[in-house]
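Q: Hey, can you walk me through this one? I'd like to start with what the exposure words mean.

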Amino acid sequence: IEQLHKRVRTIKNGPRTLDLDIIAISNYTHAGSTLTLPHPRMHERAFVLIPCAQIAPDFIVPGHNMSINSLKAKLSDEDLNSVELLHGNK
């Protein structure tokens with residue numbers, strides 16, 4: 001999809017015109033050259049864990065054997081406060 005829409009990324013790990021990530025697909029794991037599932041850094045990213053906790057708080061993240069809520073609880077207050085949801089919930 002990113003290629004179809006001609007995604008532009010000029011700085012490694014910097015801003016992009018489009019960025020789509022597959023976070024997880026059930027308990028499926030995969031480590032390939034173009035895709036790793038679950039996403040290798042999902043467990044440390046508040047902007048992933050906070051919305052995931054709203055829809056699947058008890059989902060056990062493969063490879064970490066911890067629930068989304070448990071991983072979210074390990075985040076710092078600074079990380080947690082850096083995410084603002086559209087409905088104002090944290």
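A: Sure. Buried means under 20% relative accessible area, exposed means over 50%, and partly exposed is in between. Also keep in mind that this is a predicted model.

Q: Okay, so where does Arg45 fall, buried, exposed or partly exposed?

A: Arg45 has a relative accessible area of 24%, so it counts as partly exposed.

Q: And where is Arg45 found?

A: Arg45 is in the loop between β2 and α1. Its C-alpha atom is separated by 8.5 Å from that of Lys72, and the two residues are 27 apart along the chain.

Q: Anything odd about the backbone around there? Like, which residues does a cis peptide bond join?

A: The cis bond joins Leu37 and Pro38, with an omega of about -5°. Pro38 is in the loop between β2 (36-37) and α1 (46-55).

Q: What about phi? Which residue before β1 has a positive value?

A: Ser26 does: its phi is about 50°, although it is not a glycine. You'll find Ser26 in the segment before β1 (30-31).

Q: Is Ser26 buried or exposed?

A: Ser26 is exposed, because its relative accessible area is 53% and the cut-off for exposed is over 50%.

Q: And what's going on with phi at Asn65?

A: Asn65 has a positive phi of about 50° too, and it is not a glycine. Asn65 is in the loop between β3 (60-61) and β4 (66-67). With a relative accessible area of 65%, Asn65 is exposed.

Q: Switching topics: which residues touch the most other members in the largest nonpolar core?

A: That would be Ile50 and Ile68, in a core of 14 residues. Both α1 and α2 (68-73) supply at least two residues each to this core.

Q: Which element gives the most to this core?

A: α1 does, with 6 residues.

Q: Last topic, pockets. How do you even find empty space in a model?

A: You roll a probe the size of a water molecule over the atoms, and that shows where empty space is left.

Q: Cool. How much space lies in the largest pocket here?

A: About 560 Å³.

Q: Which residues lie nearest its centre?

A: Leu20, Asp21, Thr34, His39 and Arg41 lie nearest the centre of the largest pocket, out of 19 lining residues.

Q: And how does that lining split by class?

A: The lining of the largest pocket has 9 charged, 6 polar and 4 nonpolar residues.

Definitions and conventions: Residues are numbered from 1 along each chain as its sequence is written. This is a predicted model: local features need pLDDT of at least 70, side-chain atom pairs count only at pLDDT 80 or more; totals for chains, interfaces and linings use all residues. Side-chain values use heavy atoms; hydrogens and water are left out. On a 1 Å grid over the protein atoms alone, a cavity is a set of points where a 1.4 Å probe fits but cannot get out, and a pocket is an open set with protein on both sides within 12 Å along at least five of seven lines; lining residues have an atom within 4 Å of a point. Grid points are joined across faces, edges and corners, and a volume is the space filled by probe spheres set on the points. Ala, Val, Leu, Ile, Met, Phe, Trp, Tyr, Cys and Pro count as nonpolar, Asp, Glu, Lys and Arg as charged, and the others, Gly among them, as polar. Helices (H or I, at least four residues) and strands (E, at least two) are DSSP runs, numbered from the N terminus. Buried means under 20% relative accessible area, exposed over 50%, partly exposed in between (1.4 Å probe, protein chains only). A nonpolar core is a set of buried Ala, Val, Leu, Ile, Met, Phe, Trp, Tyr and Cys residues joined through side-chain atoms within 4.5 Å.
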